[in-house]
Every structure is written in C-alpha cells, then in structure tokens.
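Me: I'd like to learn how to read helix packing in a model like this one. Can you walk me through it?

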Amino acid sequence: MKTITVHASSKYDILIENGIIDHCGDIIKKNTNAQKIAVITDDTVNDLYGERTENSLRKAGFDVVKFVFPHGESSKCADTLIKIYDFLCENGITRTDCLAALGGGVAGDITGFAAATFLRGMDFVQIPTTLLAQVDSSVGGKTAIDLKGGKNLVGAFKQPVCVICDPDVLRTLPPEIFSDGMGEVIKYGMIRDAELFDLIAEHNRETVWSVLEDIIAKCIGIKRDVVEADEFDTGERMILNFGHTLGHAIESYYHYETYSHGSAVAAGMCMMADRTCDKETAERLRKCVQAYDLPVSVPADIKELVPLCGKDKKRAGGQLRFIVCRNIGKAEIHTMQFDSFAAWMGK
C-alpha cells in the first residue's frame with residue numbers, strides 16, 4: 001500500500017492499493033469517531049461498487065444509509081444538494097456522523113460541499129472511482145456545485161479525513177472516461193514533472209496500465225505538495241489550472257454535453273501551448289494527448305470561447321489569471337486585463 005500524507009489545515013492520508021475498496025470500512029473506522037455513515041453516490045457507481053462498499057462499512061460496525069443521484073455533471077447542482085440535505089435530515093444524520101463520497105468528481109464535489117455546510121460541518125471521506133477523481137479532485141479540499149452562470153461557482157474548502165484510492169476499480173471505466181482522467185494526468189507532468197510527462201508519453205491508453213499505480217501516486221504527490229504550499233488557492237495552487245481557463249469555456253460552450261472535463265482540459269492545454277510554446281514542445285504535448293484519444297482542439301471559434309473565460313472563477317475584477325507552460329515541467333502564472341487577454345487569444 002502506498003500512503004501519501006497531506007499536511008493542510010487538517011492532516012489526512014491518501015491510501016493507494018489494488019482491492020482496497022473492500023477494506024474501506026476498517027480504514028474509515030481509524031479516521032473518524034462516527035458511528036453512522038451516509039454514502040453519497042450516483043446510479044452508475046452504485047451498481048458497480050455500492051454493495052461492496054456498504055458491506056465493508058457494515059462489517060466495520062457502521063450504521064449505513066445511502067443516497068443515489070443520477071450520474072452526470074448536470075447533477076452537480078443546487079437541486080441535488082438540497083435533496084442530499086433533506087436525505088440527511090430524514091435519516092437523522094448528526095454532526096458526529098460522516099459522509100462518504102463514492103464516485104467520480106461530481107460525487108466528491110457535492111458530497112464535500114454538503115459535509116462543509118450541513119450542520120456547519122462534519123467529517124467526510126473520499127472513495128474516488130474515476131482516474132480524474134483519484135489524481136485530482138479527491139485531493140486538496142475543493143468542493144463545489146455548478147450554477148447556470150458557470151462551473152464550480154459555489155463551494156467551500158473542506159478537507160476529507162482520508163482518501164481511499166483503488167486503481168482496480170478503474171478497469172470498469174468506459175475507455176472515454178479513462179481517457180478523460182488522463183487529461184488531468186498529463187497536466188501534472190506539464191506543470192511540475194518532466195520525467196512524469198516522459199513516462200506518460202512513452203505509453204498510450206492500452207499500455208499505461210503497467211505503470212498506472214506509480215503514475216497515480218506521482219500525480220497525488222504533486223497535488224499534495226501544491227496544496228500544502230497554498231491550501232486556499234491564492235498563489236501557487238493556481239498552476240493546477242493549466243488548460244482549465246479554456247477548458248471550462250469549452251465545457252460551457254458545449255453545455256457540458258460534448259466534451260468531458262478531462263477532454264476539455266486536454267484541448268485547452270494544447271490550444272494554450274500553440275500560443276505560448278515553441279513548436280517542438282507544443283507538438284510533444286499534442287502527440288501525448290492524442291495517444292490517449294483526447295482532443296487537441298475543438299471546432300468552436302476561439303472568439304466564441306473567450307467571452308466564456310470571463311465567467312471563470314479565476315477572474316479577479318477586470319483581470320484574468322491563467323497558466324502557461326513554456327517548457328514541460330514548469331508552470332507560470334500570468335495575469336492580464338480581460339480585454340487584453342481576449343485580444344491576445346483572438347489573434
């Protein structure tokens with residue numbers, strides 16, 4: 001078992017091991033005093049791992065209740081959040097109980113936000129079942145829901161009491177969802193670790209399984225280091241947003257239907273690299289992205305995407321902060337007046 005410890009406003013462990021989901025109950029028991037757990041998951045993940053998770057929790061002595069919502073980004077909304085609050089009330093959940101996010105980024109984000117706000121805060125654990133959630137969204141304490149005006153616009157910082165990553169569960173992912181996670185994996189190599197990027201680039205979607213556990217651990221280690229240096233996203237943590245300014249605009253432009261998050265980030269990284277990197281670096285990134293069946297661009301005109309960048313939460317007043325990687329393994333935070341950014345991107 002690989003263990004990575006995060007020293008943020010609260011200390012917690014991220015545990016990585018094949019088959020660990022069947023032992024989640026014992027692990028959670030060591031990390032919370034709760035006697036009752038509310039599992040929050042979506043219908044797809046529930047069919048795959050709901051029973052195994054519940055069995056492990058009950059075997060460890062927990063009283064377990066479960067809330068299941070429809071899968072997809074559209075469920076990460078205020079309506080689902082209110083339904084979760086009502087479910088917690090109906091089942092007598094108290095501040096000394098615990099929530100468990102079982103699923104991908106949607107489950108993790110909305111469960112974490114519920115844990116941060118229900119009864120003014122309670123314990124929660126992350127059991128991520130997608131690659132994207134394991135390497136990125138389950139670590140660091142960012143929680144949120146979407147609004148009509150944009151993605152992740154309402155949220156809170158809430159660190160979990162532990163994160164349980166089982167690489168085995170990724171084998172049940174549809175190929176396109178696995179590729180989606182690789183978009184964020186490639187990002188980690190671009191922003192902080194050239195050797196990690198090289199390792200990723202040596203493989204493709206079919207061959208990467210032989211080194212996947214190590215890749216997951218390396219990505220989590222990078223995320224841990226960045227979060228410890230800047231937990232509340234006011235400085236260095238912004239480098240984690242490479243590809244996201246355009247990526248979120250792409251998701252919004254296509255109404256969160258055509259491009260998944262990782263696909264949009266992959267395209268956003270390549271589109272930014274085309275404007276900021278030398279040809280060799282930009283081409284290396286494109287080839288790596290394509291090896292995992294991810295897009296390097298989108299049909300939408302850049303002039304239609306740029307106004308949507310203005311709705312991003314990384315905008316401060318009239319300025320927009322965005323990330324540039326001129327060289328693989330090194331990220332830079334840039335700030336521009338939004339009008340200047342729009343003109344620059346539109347060239």
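Reply: Sure. Start with the word contact: it means heavy atoms within 4.5 Å. Keep in mind that this is a predicted model.

Me: Which residues of helix 12 meet helix 13?
Reply: On the helix 12 side they are Ile302, Val306, Pro307 and Cys309, and their partners in helix 13 are Phe338, Phe341, Ala342 and Met345. That contact divides into eight nonpolar residues, with no polar and no charged ones.

Me: How do I describe the geometry of a pair like that?
Reply: For two packed helices, you give the angle between their axes and the distance between the axes. Here helix 12 (residues 302-309) and helix 13 (residues 338-345) pack at about 160°, with axes 9 Å apart. Angles over 145 degrees count as roughly antiparallel, so helix 12 and helix 13 are roughly antiparallel to each other. The crossing is right-handed.

Me: What about helix 9 and helix 10, at what angle do they cross?
Reply: Roughly 130°, and their axes come within 7 Å. That makes helix 9 oblique to helix 10. Helix 9 passes helix 10 in a right-handed crossing. Among the residues that meet there are His244, Leu246 and Ile250 in helix 9, and Val265, Met271 and Met272 in helix 10. This contact divides into seven nonpolar, five polar and one charged.

Me: And a loop residue: is Asp233 buried or exposed?
Reply: Buried means under 20% relative accessible area, so Asp233 counts as buried at 18%. Asp233 lies in the loop between helix 8 (212-229) and helix 9 (244-253). The side chains of Asp233 and Lys142 are joined by a polar contact of 2.8 Å. Beyond its neighbours within four places in sequence, Asp233 is in contact with Lys142, Phe157 and Met238.

Methods. Residues are numbered from 1 along each chain as its sequence is written. This is a predicted model: local features need pLDDT of at least 70, side-chain atom pairs count only at pLDDT 80 or more; totals for chains, interfaces and linings use all residues. Side-chain values use heavy atoms; hydrogens and water are left out. Helices (H or I, at least four residues) and strands (E, at least two) are DSSP runs, numbered from the N terminus. Buried means under 20% relative accessible area, exposed over 50%, partly exposed in between (1.4 Å probe, protein chains only). A polar contact is a pair of N or O atoms within 3.5 Å; within protein, one must be able to donate a hydrogen and the other to accept it, and residues adjacent in sequence count only if both atoms are side-chain atoms. Axes are lines fitted to C-alpha atoms, for helices over the stretch in contact, and angles run from 0 to 180 degrees between N-to-C directions. Angles under 35 degrees count as roughly parallel, over 145 as roughly antiparallel, 65 to 115 as roughly perpendicular and the rest as oblique. A crossing is left-handed if the near helix is turned anticlockwise from the far one by less than a right angle, and right-handed if clockwise. Ala, Val, Leu, Ile, Met, Phe, Trp, Tyr, Cys and Pro count as nonpolar, Asp, Glu, Lys and Arg as charged, and the others, Gly among them, as polar.
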